[in-house]
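Here's a walk through this one, from a pair of helices out to the whole assembly. Have the structure open and follow along.

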There are 2 protein chains.
Amino acid sequence: MTIIANVELEGASLELPSLDALVGLVDDDINAVNQVILGQMQSHVPLIPELAGYLIAAGGKRLRPMLTLASARMAGYGGDRHIKLAACVEFIHTATLLHDDVVDESDLRRGIASANAVWGNQASVLVGDFLFSRAFQLMVEDGALDVLRILSNASAVIAEGEVMQLVTSNNMQTGEAEYLAVIEAKTAALFEAACRVGAVVAEQSEAQIERHGAFGANLGIAFQLVDDVLDYSARQSTLGKTVGDDFREGKITLPVVLAYQRGSAKDRAFWQRCLEQGEQRDGDLKTAFALLEEHGALADTVDRARSYGDRACEALEGLPEGAYKLALKDTVEFCISRAY
Amino acid sequence: MTIIANVELEGASLELPSLDALVGLVDDDINAVNQVILGQMQSHVPLIPELAGYLIAAGGKRLRPMLTLASARMAGYGGDRHIKLAACVEFIHTATLLHDDVVDESDLRRGIASANAVWGNQASVLVGDFLFSRAFQLMVEDGALDVLRILSNASAVIAEGEVMQLVTSNNMQTGEAEYLAVIEAKTAALFEAACRVGAVVAEQSEAQIERHGAFGANLGIAFQLVDDVLDYSARQSTLGKTVGDDFREGKITLPVVLAYQRGSAKDRAFWQRCLEQGEQRDGDLKTAFALLEEHGALADTVDRARSYGDRACEALEGLPEGAYKLALKDTVEFCISRAY
């Protein structure tokens with residue numbers, strides 16, 4: 001049963017969509033993944049575990065490695081290769097975050113000061129490189145070329161996506177198609193790869209691996225769309241992120257693309273001043289909130305997310321029924337419901 | 001025959017040690033490597049080939065990929081796998097340079113403005129990530145797990161070395177042993193891996209692979225020692241590098257370690273002010289030159305380099321006689337003679 005809405009009814013309190021079902025199913029596995037992560041981020045250079053541990057202990061949701069674990073188990077896998085490979089997925093994700101923090105000059109990540117704010121850009125870049133290399137060492141230990149192929153391809157695509165994002169930054173000519181290409185590459189590629197790896201480990205057919213991949217890719221797009229909505233709406237305290245980061249950095253996300261396209265000449269001049277020329281004044285973020293609201297840009301972005309979420313659930317159709325499938329459907333709902 | 005000295009005799013002009021023999025032997029192969037590099041740095045994101053091409057076209061010596069090519073050929077390899085893998089070695093090296101430029105905030109690389117000075121730190125980090133991923137994609141295409149193991153291990157060690165260097169920066173307590181550990185990791189590891197990969201492709205015995213690796217590792221140490229001497233002695237126009245970079249960045253290299261250990265209390269206070277506190281004034285670099293000269297720190301560093309060069313040549317002893325071995329000996333001489 002999938003819990004759909006986070007609606008406050010009079011006197012009633014509906015249960016919120018959550019990752020609980022997924023977390024419950026992969027609980028033992030994720031503990032094993034955490035052990036691998038802790039063991040493999042060690043180095044005789046103390047700054048490496050110190051910095052990596054800071055980020056890893058900050059405790060993301062471990063969503064991507066959970067997808068690897070669940071994909072493998074859903075397909076009936078009974079071994080333990082998925083543990084190490086889920087750790088690889090998390091290492092690649094962590095390396096990306098470290099390099100992304102350098103890129104974004106963001107001050108907050110998961111509610112605490114970002115690693116580069118504490119140790120500097122230099123250490124963040126290098127420890128990211130270390131974790132990335134460590135991921136490949138672990139994959140080599142596992143010994144499966146098809147896994148190495150999936151994750152090296154994903155890594156290249158992620159880097160391309162990040163560069164694309166850099167190029168579209170401060171450019172109000174960025175359209176919806178370009179925005180989607182960016183998030184497919186920078187976010188959805190790793191979600192897709194995480195799911196594929198689980199299916200490959202479970203020795204599924206090409207057709208099944210494709211379904212796992214399609215689930216991950218569509219979930220990843222939905223996840224990023226909602227993330228971009230959250231940057232203009234959620235309270236920092238609940239999200240652990242500075243609201244308005246994207247605005248300050250001149251990042252062109254779908255809410256902005258929609259509000260710009262639908263806006264008056266005066267609105268467009270506002271967006272151009274703030275995001276292209278980077279001339280931001282007190283009160284601009286509030287104006288941005290109002291314009292996004294006025295043009296329904298946030299609601300429509302969430303709608304798009306829901307549509308990708310639906311596609312993710314459709315991709316699950318050909319996969320085995322059971323607790324894992326239900327938990328993955330809940331995961332889709334959870335990712336979208338974060339927007340509210 | 002190895003040409004040893006770059007001595008100016010009255011009226012006579014001795015031939016300088018050079019890479020000519022090596023370049024001559026691998027000429028066709030290196031052209032093929034360049035084709036792979038040009039093809040594989042392409043992306044539908046134009047900034048990637050633009051930035052990567054800028055650095056790659058700036059034309060390093062391609063020393064590391066030449067080591068892969070020569071190691072394979074010296075061992076009698078007749079196929080073409082070494083071409084693609086030599087390109088991987090160069091991609092990893094280029095990615096390291098891109099990330100290193102971010103780290104060092106250096107303005108010049110190979111005599112032209114560094115990539116990060118032109119495109120910014122952000123693009124340099126991300127294009128570095130792309131090239132690194134591309135290297136692994138190419139290795140996966142090649143399909144040999146032992147090659148993947150060598151280069152993923154080397155990448156992790158390089159990152160550790162770079163972090164170690166960061167930690168020893170601005171710290172005059174850094175000793176010779178720590179300095180050596182840094183350069184073994186940040187430089188020698190890739191030289192070693194480059195040679196090993198060539199031997200692995202040629203299906204050599206473990207013992208032979210070890211010899212190739214020992215040659216590369218010792219050559220790499222010698223190369224870096226001389227590089228660190230050059231930072232205090234060569235003219236920018238001939239080296240294509242800003243002299244005094246290490247000094248300005250507070251990098252603790254062997255020449256400084258030796259001059260500090262041998263210096264008076266007043267000398268030590270000078271080094272501490274300049275390199276630990278980073279308080280540098282006009283004329284300080286000139287004073288540094290004088291102190292390094294006074295204590296024989298540059299000459300002794302070159303002596304150390306020569307001793308590692310000798311070890312590199314010893315490692316060649318068990319390997320096949322012929323043009324390749326002579327060319328590799330010349331390469332050792334070339335790397336050391338750059339100091340003069």
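Keep in mind that this is a predicted model. Let's begin on the outward side of helix α15 of chain A, where A:Lys286, A:Ala290 and A:Glu294 are exposed. The helix covers residues 284–294, and its buried residues are A:Ala288, A:Leu291 and A:Leu292. Looking down the axis of α15(A), you'd find these buried residues within an arc of 100 degrees, so they line one face of the helix. What does that buried set pack against? The partners are α12 (245–249), α13 (254–262), α14 (265–276) and α16 (297–316) of chain A. After α15(A) comes A:Gly296, which has a positive phi, near 60 degrees.

Next up is α16(A). It has 20 residues, which at 1.5 Å a residue should span 28 Å; the C-alpha atoms at its ends are 29 Å apart, so the two values agree. Its buried residues are A:Ala297, A:Leu298, A:Thr301, A:Val302, A:Ala305, A:Tyr308, A:Gly309, A:Ala312, A:Ala315 and A:Leu316. Around the axis they cover an arc of only 130 degrees, which puts them on the same side of α16(A). They pack against α10 (206–230), α13, α15 and α17 (323–337) of chain A. So α15(A) packs its buried residues against α16, and α16(A) packs its own against α15.

Stepping back to the whole of chain A, there are 17 helices and four strands. Of its 340 residues, 53% are buried. If you take the contacts in chain A with a separation of 6 or more, 76% of them join residues 24 or more positions apart.

Where does the nonpolar material gather? In soluble globular proteins, nonpolar side chains tend to be buried together. Here the largest nonpolar core has 227 residues, and the members that touch the most others are A:Ala70, A:Ala222, B:Ala70 and B:Ala222. Take B:Ala70 as a sample: beyond its neighbours within four places in sequence, it contacts B:Leu22, B:Leu25, B:Val26, B:Gly198, B:Tyr324, B:Ala327 and B:Leu328.

Now for some loops. Most residues other than glycine have a negative phi, and most peptide bonds are trans. A:Arg62 goes the other way, with a positive phi near 60 degrees, and A:Asn170 likewise has a positive phi near 60 degrees. A:Arg62 sits in the loop between α3 (47–57) and α4 (63–74) of chain A, while A:Asn170 is in the loop between α8 (145–168) and α9 (176–201) of chain A. Are these two buried or exposed? The table gives the counts for both, along with two loop residues from chain B.

| Residue | C-beta neighbours inside 10 Å | Class |
|---|---|---|
| A:Arg62 | 21 | buried |
| A:Asn170 | 17 | partly exposed |
| B:Ser18 | 14 | partly exposed |
| B:Asp80 | 12 | exposed |

A residue needs 20 or more such neighbours to be buried, and 12 or fewer to be exposed. That is why A:Arg62, with 21, counts as buried, and why B:Asp80, with 12, counts as exposed.

Over in chain B, B:Ser18 is in the loop between β2 (12–13) and α1 (20–25). Not counting residues up to four places away in sequence, B:Ser18 touches B:Asp330 and B:Phe334. B:Ser18 and B:Asn31 are 13 residues apart in sequence, and their C-alpha atoms are 19 Å apart in space. As for B:Asp80, look in the loop between α4 (63–74) and α5 of chain B. Its C-alpha atom is separated by 24 Å from that of B:Ala52, 28 residues away along the chain.

Finally, how do the two chains go together? A turn of 180 degrees, with a shift of 0.0 Å along the axis, lays chain B on chain A with an RMSD of 0.0 Å. That's the relation of a two-fold axis. The same surface serves both copies, as 100% of the contact residues of chain B recur in chain A. The contact takes 36 residues from chain B and 36 residues from chain A. On the chain B side, α3 (47–57), α5 (81–104), α7 (121–142) and α8 (145–168) each supply at least two residues. By class, that side of chain B has 21 nonpolar, 10 polar and five charged residues.

Terms used:
Residues are numbered from 1 along each chain as its sequence is written. Chains are lettered from A and ligands numbered from 1 in the order in which they are written. This is a predicted model: local features need pLDDT of at least 70, side-chain atom pairs count only at pLDDT 80 or more; totals for chains, interfaces and linings use all residues. Copies are superposed by least squares on the C-alpha atoms of residues with pLDDT of at least 70 in both. Two residues are in contact if their C-beta atoms, placed from the backbone, lie within 7 Å. Ala, Val, Leu, Ile, Met, Phe, Trp, Tyr, Cys and Pro count as nonpolar, Asp, Glu, Lys and Arg as charged, and the others, Gly among them, as polar. The arc is that of the directions from the helix axis to the C-beta atoms. A nonpolar core is a set of buried Ala, Val, Leu, Ile, Met, Phe, Trp, Tyr and Cys residues joined through C-beta atoms within 7 Å. The expected span of a helix is 1.5 Å times one less than its number of residues.
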